[in-house]
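Trainee: Could you take me through one part of this model in detail, with the cut-offs behind each term? I would like to look closely at the salt bridges.

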Amino acid sequence: MSGGGNQALRDTAIPYTQEELDAMSKEDLLLLYKSTGSQELKWPLALRYVGLVKSIALQVRGVYSSFAQVDDIINEGVLALVGSIDKFDPDKGIKFETFVSKRIRGAVIDLARRQDWVPRSVRRKAREIDQASVELFAELGRYPTDEEIAQRLGVSSKQYQEDLANSALCNVLSLDSLFDDQDQGSLDVPDSAAGSRPEDSLLRQELLDTLTDGITSLRENEQLVVSLYYKKNLSMKEIAQVMEVTEPRISQIHSRAIQKLKLYMKRYMNGEK
């Protein structure tokens, strides 16, 4: 048995056979690991959640067709999963799936930034769309329509829709960065703030309420795509099947929804009403 004396004592304190461990649910195995710290349980526990890693890998890859090889994303996700097991605190009332999903998605986004998988032309068009949206919102006092944005950009509606779909990953990255700038994480808000400082709890709840208001302001189909993608962890292809439209159309709806949420949250973080 590997490890120091203290670790060895903790390992020998596990009164379970391998068959009994195999029969445990992943939730019970997680609690057993957290209570014993036995390294012999860590990888068997991680393997129980590889399916979640694969699901998120396929989901995130679906945001942008040229993103990366699924195996590369899974490898990054598994590393985030293993690290999350030790950082997870079950006493805070947060589901492990929620906790680890946020960190897996964050690891994949970090990988995207490092590898620079988004072509410069796509990033440029995404910035242009964002700028046009901000300008038109200020002028009109409401979210501009697709036709108004296309006209401001000087492109056809068809070309705009193609650019919007291609900029989906850019929008996810920039929205995530928006939350990072405020030290708030990403779209995955914890289920409970138990155990944190009262002021942190209030800020987190205010952020959640604002984000909820922002989602409520979206069109019905945009709300559905956001819910299926971020809450149900469905891929773009799966959402397209549910909504009975094409996958590129789902990418367009998703990108438009995130674009609106970015603008909504920026106004909140800048203290605008």
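Mentor: What follows is a close look at the salt bridges and the residues that form them. This is a predicted model, in which local features need pLDDT of at least 70 and side-chain atom pairs count only at pLDDT 80 or more, whereas totals for chains, interfaces and linings use all residues. Residues are numbered from 1 along each chain as its sequence is written, and side-chain values use heavy atoms, with hydrogens and water left out.

A search of the whole structure finds eight salt bridges, each being a side-chain nitrogen of Lys or Arg within 4 Å of a carboxyl oxygen of Asp or Glu. One of them joins the side chains of Arg124 and Glu128 at 3.2 Å, N to O; both residues lie in helix H8 (residues 120-140), four residues apart, about one turn of the helix, where helices are DSSP runs of H or I with at least four residues, numbered from the N terminus. Arg124 is partly exposed at 38% relative accessibility, and Glu128 is partly exposed at 36%, a class that lies between buried (under 20% relative accessible area) and exposed (over 50%), with a 1.4 Å probe and protein chains only.

Asp163 forms a salt bridge with Lys125, with the closest N and O atoms 4.0 Å apart, and this pair links distant parts of the chain, since Asp163 is in helix H10 and Lys125 in helix H8, 38 residues apart. Here Asp163 is buried, with a relative accessible area of 10%, whereas Lys125 is partly exposed at 27%.

Arg142 forms a salt bridge with Glu148, the closest N and O atoms being 2.8 Å apart, and salt bridges that share partners join Glu135, Glu139 and Arg152 into one network.

How values were computed:
Helices (H or I, at least four residues) and strands (E, at least two) are DSSP runs, numbered from the N terminus.
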